[in-house]
Amino acid sequence: MQRKCRSPVPATLCALLAVGMAPALAQSGAKPDERGGPPPDNSCSELVGGANFWRICDDEITTNGQPAGGNCSVGAAGGGAAIDDASAFSRGDAFDRGGMFWINGTQVGGVASYGSTSAVFAAQAIAGLTTQLRYDALTSEPTLRAFLRLTNPGATPVTVTVDYATNFGSDNDTVVNGTSSGDTLFTPSDRWVVTSDGGPGDAVNTTVLYSGTPAIAPSSVSGTVFDCYGPQGARATYSVTVPPGQKVALVTFQRLGDNIADALAAAAAYSVIAAGSPLLAGLTPGDIAAIVNRGEPCAATRARSGRAARVGAPVR
């Protein structure tokens with residue numbers, strides 16, 4: 001529940017912390033800086049989407065190089081793409097590193113190019129694919145969208161395992177407040193999961209892993225990720241095949257909420273994401289067509305996925 005700060009805190013975010021996040025800081029003390037020292041000047045930047053703020057870095061890794069089993073750490077510029085932290089509704093400490101991808105056990109990174117609402121990471125060659133990640137802070141929602149493009153330059157299909165991992169700032173106070181399947185058990189059938197520290201003191205997290213009835217959904221999920229003031233988080237594993245000469249993409253979302261009830265109500269919109277949705281704003285038609293974890297559901301699935309549980313349960 002405590003606020004963690006990088007050192008040094010960039011000037012833009014420092015002002016936000018001092019003003020907009022004062023109530024959250026008043027509720028909880030400051031955690032030590034888990035980065036262990038000043039980052040390179042170009043490693044991090046703040047994205048602003050409406051009244052939500054996202055600190056993005058391109059040098060955040062884990063000590064074992066994997067989405068679980070190690071600890072959060074800092075590497076070379078371009079070594080690992082991550083949401084360092086985020087705030088909205090005067091609530092912060094949403095993450096202890098989030099929005100991170102691995103392909104066949106290799107973390108996705110690349111030196112970032114930053115805009116006011118987006119971070120585009122340099123393309124990388126991983127497991128026979130050309131990979132590129134971008135983050136977009138949406139102006140229509142207190143949401144960060146992660147878009148991972150996988151391109152196969154070869155003449156044969158390439159199948160890879162993609163892991164997505166987010167560590168929650170709520171630490172060992174984390175509870176699951178609801179899922180798309182209407183209960184508080186986080187399973188592969190859940191398009192999204194809402195979590196909080198139970199208060200909430202920190203921002204309420206909605207993690208969106210897929211929508212509709214897609215070609216690809218997670219084969220497994222877990223509430224345990226790498227350790228960063230605790231291993232509590234959300235992890236999803238996908239098996240993705242990229243045909244020769246083609247591209248596919250995965251899209252995930254991290255939404256911030258002020259309270260549990262509002263977060264659960266808003267999460268239903270992520271169960272079905274139509275092609276014209278503001279959640280896909282800024283993506284090209286080709287990029288949208290390439291997304292393999294977004295699809296149209298049948299009517300029965302749409303009705304079921306719109307329900308959400310209203311009670312808390314410990315992360316499993």
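## Getting started

Two strands count as paired if DSSP finds at least two bridges between them. With that in hand, welcome to this structure, which is a predicted model.

## The chain as a whole

The chain has 316 residues, and 55% of them are buried. Its secondary structure consists of five helices and 22 strands.

Among contacts with a separation of 6 or more, 68% join residues 24 or more positions apart. On the outside, the chain exposes about 11,000 Å², and 57% of that area comes from carbon and sulfur atoms.

## A hairpin and its next partner

A good place to begin looking is the hairpin made by S10 and S11, where three residues lie between the two strands. Strand S10 covers residues 112-114 and strand S11 covers residues 118-121; the two run antiparallel and are joined by three bridges. Within this pair, Ser 113 stands opposite Val 120 of S11.

Strand S11 also pairs with strand S13 (residues 129-137), again through three bridges and in an antiparallel arrangement. Val 120 takes part here too: its bridge partner in S13 is Arg 134. Val 120 of S11 therefore faces Ser 113 on one pairing and Arg 134 on the other.

## The five-stranded sheet

Next, follow an open sheet of five strands, in the order S9-S8-S15-S20-S19, with antiparallel pairing. Strands S9 (106-107) and S19 (220-224) are at the edges; each has a single partner strand, so one side of each is left without a neighbour in the sheet.

Further in, strand S8 (residues 100-103) pairs with strand S15 (residues 158-167) over four bridges, in the antiparallel sense. One residue pair to look for is Met 100, which stands opposite Ala 165 in S15.

## Inside the fold

In soluble globular proteins, nonpolar side chains tend to be buried together. Here, the largest nonpolar core has 46 residues, and those with the most contacts inside it are Trp 54, Tyr 135, Leu 150, Val 162 and Val 240. Strand S20 (residues 232-242) gives the most to this core, contributing five residues. A second, separate core has 21 residues, including Leu 138, Ala 267, Leu 283 and Ile 291.

Val 162 is a handy residue to select on screen. Leaving aside residues up to four places away in sequence, Val 162 touches Phe 101, Trp 102, Ile 103, Leu 148, Leu 150, Ala 236, Thr 237, Tyr 238, Val 240 and Leu 250.

Methods
Residues numbered from 1 in each chain as written. Predicted model: local features only at pLDDT ≥ 70, side-chain atom pairs only at ≥ 80, totals over all residues. Heavy atoms only, no water. Buried < 20%, exposed > 50% of the residue type's maximum accessible area, 1.4 Å probe, protein only. Contact = heavy atoms within 4.5 Å. Areas by Shrake-Rupley, 256 points an atom, 1.4 Å probe, with all protein chains shown as cover. Core = buried A, V, L, I, M, F, W, Y, C linked by side-chain atoms within 4.5 Å.
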